[in-house]
Amino acid sequence: MQRSNIYILVFSAIMTVLIGGAMSLTSVLLKPAQDKQVELDTKKKILGAVMDISTFKTPEEVFSLYKDRVKSIVVDIKGEIISVDAKGNPLIAEKVNAQKNHKIDREERLYPIYMILNELDSNVVEAYVFPMFGLGLWDWISGYVALESDLNTVKGVAFDHKGETPGLGARITEEKVRHRYKENKKIFSDDGNLESITMVKGEGITGLSMHEVDGLSGATITAKGVNKMLKEYLGCYQSFIMNTKGQNGIAIN
């Protein structure tokens, strides 16, 4: 009986090592492909907040357009561009993890910004895309809000979620819902105060202001999560927005 127990323990230990090693090797081998897919998904959302890329058939089309039309920077809460982290490593906007970054105090966060350049003149910024992160009903939600060159008028949005209810909160990804933010909506009031964009309670509401969009029936908590996310992050980007508007744009190097 004792030999049998020893045999079982040794066998279990060997199998644990072998299986663990195989899983680790598989993870290492798959990581480049997984990283590439994450990069593709991120760049599609950034571009998709500004333009229609539904006709693109290959990842190469996305990567090529992104390379030609997008310039990225990272700023702090004061709106100042920062190029290196605390350890002196170069900061790359596309590599800032939104979920991890969200857990940091807002005063210490990194704020990536993506500038969409004019197709004919790369010195002209057509739109600014601001990534943001928040919480929905069941889990996280995220978004990319694109503003026109006036840094006030919404050009488009792209939302994502994890675990929102299909047919309810999950509808924030639908084009029909996203389109509501493009109906000449503005984030600043006429007197210059930041108002953000609020998704109202209920659906089919008429007479909405330039700071409101129609809501989602049965998904009030998700809508509130989106509203809170936009209000918080637009507030965090406000210094950059005001600085850039005051300078009549940002220099493209």
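Strands are DSSP runs of E with at least two residues, numbered from the N terminus. The exercises below concern a predicted model.

**Exercise 1. Overall layout**

Determine how many helices and strands the protein chain contains, and in what pattern they follow one another.

Solution.
- Step 1. The protein chain holds five helices and seven strands.
- Step 2. Read in sequence order, these elements give the pattern α-α-β-α-β-β-β-β-α-β-β-α.
- Step 3. The C-alpha trace spans about 85 × 45 × 40 Å along its principal axes.
- Step 4. Of the 253 residues in the protein chain, 40% are buried.

**Exercise 2. The second largest pocket**

Identify the element that gives the most to the lining of the second largest pocket, and describe that lining by residue class.

Solution.
- Step 1. The volume of the second largest pocket is about 480 Å³.
- Step 2. Its lining consists of 26 residues, and those nearest the centre are Lys44, Gly48, Met51, Ile53 and Arg178.
- Step 3. At least two lining residues come from each of helix 1, helix 2 (59-69), strand 5 (154-161) and helix 4 (175-179).
- Step 4. Strand 5 gives the most to this lining, with six residues.
- Step 5. Sorted by class, the lining has eleven nonpolar, six polar and nine charged residues.

**Exercise 3. The largest pocket**

State which elements give two or more residues to the lining of the largest pocket, and which one gives the most.

Solution.
- Step 1. The largest pocket contains about 840 Å³ of space.
- Step 2. It is lined by 30 residues, with Val38, Thr42, Val96, Ala98 and Tyr144 the closest to its centre.
- Step 3. Two or more lining residues come from helix 1 (2-48), helix 3 (98-102), strand 2 (111-117), strand 3 (125-135), strand 4 (140-148) and helix 5 (220-246).
- Step 4. The most is given by helix 1, with seven residues.
- Step 5. The class division of the lining is 16 nonpolar, six polar and eight charged.

**Exercise 4. Two residues and their accessibility**

Decide for Leu18 and for Tyr128 whether the residue is buried or exposed.

Solution.
- Step 1. The cut-offs are under 20% relative accessible area for buried and over 50% for exposed.
- Step 2. Leu18 belongs to helix 1. Its relative accessible area is 53%, so Leu18 is exposed.
- Step 3. Leu18 also contributes to a nonpolar surface patch of about 1,000 Å², whose other members include Ile14, Met15 and Ile19.
- Step 4. Tyr128 is located in strand 3. Its relative accessibility is 3%, so Tyr128 counts as buried.
- Step 5. Between the C-alpha atoms of Tyr128 and Ala49 the distance is 9.9 Å, while the two residues are 79 apart in sequence.

**Exercise 5. The salt bridge of Lys45**

Explain why the pair of Lys45 and Asp160 ties together parts that are apart in sequence, and classify both residues by accessibility.

Solution.
- Step 1. The closest N and O atoms of Lys45 and Asp160 are 3.4 Å apart. A salt bridge requires a side-chain nitrogen of Lys or Arg within 4 Å of a carboxyl oxygen of Asp or Glu.
- Step 2. Because Lys45 lies in helix 1 and Asp160 in strand 5, the pair ties together parts that are 115 residues apart in sequence.
- Step 3. Lys45, with a relative accessible area of 16%, is buried, whereas Asp160, at 21%, is partly exposed.

**Exercise 6. Further salt bridges and a network**

Find which residues salt bridges with shared partners join into one network, starting from Arg180.

Solution.
- Step 1. The structure holds eleven salt bridges.
- Step 2. One of them pairs Arg180 with Glu203, with 2.7 Å between the closest N and O atoms.
- Step 3. This pair links distant parts of the chain, 23 residues apart: Arg180 sits in the loop between helix 4 and strand 6 (198-199), and Glu203 in the loop between strand 6 and strand 7 (212-213).
- Step 4. Arg180 counts as buried at 8% relative accessibility, and Glu203 is partly exposed with a relative accessible area of 25%.
- Step 5. Through shared partners, salt bridges join Arg171, Glu174, Arg180 and Glu203 into one network.
- Step 6. Lys182 and Glu175 also meet in a salt bridge, at 3.7 Å from N to O. Lys182 is partly exposed at 36% relative accessibility, and Glu175 is partly exposed at 43%.

Technical notes
Residues are numbered from 1 along each chain as its sequence is written. This is a predicted model: local features need pLDDT of at least 70, side-chain atom pairs count only at pLDDT 80 or more; totals for chains, interfaces and linings use all residues. Side-chain values use heavy atoms; hydrogens and water are left out. On a 1 Å grid over the protein atoms alone, a cavity is a set of points where a 1.4 Å probe fits but cannot get out, and a pocket is an open set with protein on both sides within 12 Å along at least five of seven lines; lining residues have an atom within 4 Å of a point. Grid points are joined across faces, edges and corners, and a volume is the space filled by probe spheres set on the points. Helices (H or I, at least four residues) and strands (E, at least two) are DSSP runs, numbered from the N terminus. Ala, Val, Leu, Ile, Met, Phe, Trp, Tyr, Cys and Pro count as nonpolar, Asp, Glu, Lys and Arg as charged, and the others, Gly among them, as polar. Patches are made of residues with over 30% relative accessible area and no salt bridge: like charges are joined within 9 Å, nonpolar side chains (Val, Leu, Ile, Met, Phe, Trp, Tyr) within 5 Å. Accessible areas come from the Shrake-Rupley method with a 1.4 Å probe; for residues, only the protein chains shown count as cover. Buried means under 20% relative accessible area, exposed over 50%, partly exposed in between (1.4 Å probe, protein chains only).
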